[in-house]
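This report covers salt bridges, helix packing, a surface patch and some distances. The structure under discussion is shown first.

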Amino acid sequence: KMKVGAGTILDVRTAEVAVGQAQVAALTAHNNAQVDKLRLFQLMGVAPDTAAELTTKFAVADPRFSLDSLLDLARKVNPDVAAKKSRQFADEMNVKAAKTQYIPSLSLSTGVGGNSFEYVDPNLLVSQSAASAAAQARSCLSQDSIRTRIGLSGLTCGSGQLSADQIAAIRASNNQFPFKFNRNPIGVSATLSLPIFNNYQREAQIEAAKVARDNAAYDVRSRNLQLTTEVTQAYLTLVTDAKTVQLQEQNAAKATEELAFAEESYKVGAKTFLDVTTARGTYEQALSARVNAIYEYHKAFAALEGAVGRPLR
């Protein structure tokens, strides 16, 4: 236009700025794509590969489930709701356990036992028995000498030494642990406790248990209300995004037809190159809007699955 006098240098500079901004936007978009790939590999726990191509196709379809069925499913399988219900059940059991403090208690106990020991060195008993036998022999000889001198009959004294059988018997008697032991008497005891008054400690514990139980019930109710809101909001968002995808696909189809018409008109001289460029820009924007709508649809589907608490595909 400037060459034929239909434009000024200001128009040229404005167009150059627009081209530069478009190049910056394209560069930023490519960089964001690489960064998102790195984050994806980080979430997967594998080594990054920015040259990898994403090939999985996600189908877009209208939700085939109703809101009521999703709410019923969420109340059954949502892990947070299940955890709060378990907490409520445990607190109810604590209330029942606290009330049992008013009931008399009877405890019975019995016990049986015994003891067994042996010397680590069996020769100790042999030495003690040998020393005792030798002392008895000396005492016997001394008494025999006295009796003989006063005219009494003599005593028959042993040799003061242990025989091999006696030594074996002594060692065998030391072999007690662990199978030979002396039993203790069997003991049986019974204790009856009558709870009468304990400075209102039972009452305080029961009331504290009731408060915890009521709080758990309120937590379950609050979580159910929150769950209803989250699932309903996610469901409505998904339905809206599904319709948005359909509209954006229609817009992309119309933009494709408009671009084709502009190109054919330009070939026969009915349109200018600027018209073709404008039509192509509209076409690219329609495709970009369609891609963003599909992305929002799948993000809404993931949010609905998170609200329900289980996969839905």
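Lys299 and Glu296 are joined through their side chains by a salt bridge with an N to O distance of 3.6 Å. A salt bridge here is a side-chain nitrogen of Lys or Arg within 4 Å of a carboxyl oxygen of Asp or Glu. Both Lys299 and Glu296 belong to helix 7 and sit three residues apart, about one turn of the helix. Lys299 is partly exposed because its relative accessibility is 40%, and Glu296 is partly exposed at 33%. In these terms, buried means under 20% relative accessible area, exposed over 50%, and partly exposed in between (1.4 Å probe, protein chains only).

The model is predicted: local features need pLDDT of at least 70, side-chain atom pairs count only at pLDDT 80 or more, and totals for chains, interfaces and linings use all residues. Residues are numbered from 1 along each chain as its sequence is written, and side-chain values use heavy atoms, with hydrogens and water left out.

**Salt bridges**

The structure holds 10 salt bridges, including those in the table.

| Pair | Closest N to O distance |
|---|---|
| Arg75 and Asp72 | 3.5 Å |
| Asp214 and Arg213 | 3.5 Å |
| Lys299 and Glu296 | 3.6 Å |

Arg75 and Asp72 are separated by about one helical turn because they are three residues apart in helix 2 (residues 67-77). Arg75 is partly exposed at 33% relative accessibility, and Asp72 is partly exposed with a relative accessible area of 41%. For the second pair, Asp214 counts as partly exposed at 32% and Arg213 as partly exposed at 26%. In addition, a network of salt bridges links Asp80, Arg223 and Glu230.

**Helix packing**

Helices (H or I, at least four residues) and strands (E, at least two) are DSSP runs numbered from the N terminus. Two packed helices are described by the angle between their axes and the distance between the axes. The axes are lines fitted to C-alpha atoms, for helices over the stretch in contact, and angles run from 0 to 180 degrees between N-to-C directions.

Helix 6 (residues 201-267) and helix 7 (residues 273-308) have axes that come within 7 Å and cross at roughly 160°. Helix 6 is therefore roughly antiparallel to helix 7. Angles under 35 degrees count as roughly parallel, over 145 as roughly antiparallel, 65 to 115 as roughly perpendicular and the rest as oblique. The crossing of helix 6 and helix 7 is left-handed; that term applies if the near helix is turned anticlockwise from the far one by less than a right angle, and right-handed applies if clockwise.

Helix 4 (residues 123-149) packs with helix 5 (residues 164-174) at an angle of about 135°, their axes being 9 Å apart. Helix 4 is therefore oblique to helix 5. The crossing of helix 4 and helix 5 is right-handed.

**Surface patch and distances**

Leu106, Leu108, Leu192, Leu194, Ile196, Phe197 and Tyr200 make a nonpolar surface patch of about 900 Å². Patches are made of residues with over 30% relative accessible area and no salt bridge, with like charges joined within 9 Å and nonpolar side chains (Val, Leu, Ile, Met, Phe, Trp, Tyr) within 5 Å. Leu106 is placed in strand 1 (residues 105-111) and is exposed, with a relative accessible area of 59%.

Gly111 is also found in strand 1 and counts as partly exposed at 34% relative accessibility. The C-alpha atoms of Gly111 and Pro185 are separated by 8.7 Å, with their positions 74 residues apart along the chain.

Notes. Accessible areas come from the Shrake-Rupley method with a 1.4 Å probe; for residues, only the protein chains shown count as cover.
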